Each structure stands twice: as structure tokens, then as C-alpha cells.
Amino acid sequence: MEKSNIITVAWTGILNTNPAMVYISVRPNRYSYNLIKEQGEFIINLTTEELAYATDWCRSKIR
């Protein structure tokens, strides 16, 4: 059985506009840290105000 992989990230920013580049900050003790390091990529999904509660629930349950 695969382990769920969901992470909410609050520390983000823009590095460059052309080409578009962003950064995220993930602690090494997080499950997703090594996954991102091994793959060398990640996807950003922005939430809406309507999904803010669900997003916060994910953050609090995956600690």
C-alpha cells in the first residue's frame, strides 16, 4: 500500500518571472522532503477561499 503524500506549504515565494520560477521551503524531517529531493520537481496548487478550511484540515492531519 502506498503512503499518502500531501503537504501544505506556507513558506513560498517568487524567484523569477521570465522564466517563471518559485521556491518552497520544506523541513528535512517532512515525508515530502526526500520525495521532492529524489524527483527534483514538485507541483503547486493554489487554494481558493472556499477551500481554505479543507486545506487547513490537511495541514493539521498530516503532521
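## A quick tour, starting at Ser-32

Select Ser-32 to begin: with a relative accessibility of 5%, this residue counts as buried, because the cut-off for that label is under 20%. Keep in mind as you click around that this is a predicted model.

Now colour by secondary structure and see where you've landed. Ser-32 sits in helix 1. To find out what it packs against, show Asn-5 and Ile-7: Ser-32 touches both of them, leaving aside residues up to four places away in sequence.

Next, zoom out to the whole protein chain. You should be able to pick out two helices and two strands. Trace the chain along its sequence and the order reads β-β-α-α. Of the 63 residues here, 6% count as buried, and Ser-32 is one that carries that label.

While you have the full view, try switching on contacts. Take those between residues at least 6 apart in sequence: 34% of them join residues at least 24 apart.

Time to turn on the surface. The chain's accessible surface comes to about 6,100 Å², and carbon and sulfur atoms account for 54% of that. Select Ile-14, Val-22, Phe-42, Ile-44 and Leu-46 together, and you'll light up a nonpolar surface patch of about 530 Å².

For the last stop, pick Ile-44 out of that patch. Ile-44 is in the loop between helix 1 (31-39) and helix 2 (52-61). Is Ile-44 buried, exposed or partly exposed? Its relative accessible area is 41%, so Ile-44 is partly exposed, a label that covers values between the 20% and 50% cut-offs.

Conventions. Residues numbered from 1 in each chain as written. Predicted model: local features only at pLDDT ≥ 70, side-chain atom pairs only at ≥ 80, totals over all residues. Heavy atoms only, no water. Patch = residues over 30% accessible without salt bridge, like charges linked within 9 Å, V, L, I, M, F, W, Y side chains within 5 Å. Areas by Shrake-Rupley, 256 points an atom, 1.4 Å probe, with all protein chains shown as cover. Salt bridge = Lys/Arg side-chain N within 4 Å of Asp/Glu carboxyl O. Helix = DSSP H or I, 4+ residues; strand = E, 2+ residues; numbered from the N terminus. Buried < 20%, exposed > 50% of the residue type's maximum accessible area, 1.4 Å probe, protein only. Contact = heavy atoms within 4.5 Å.
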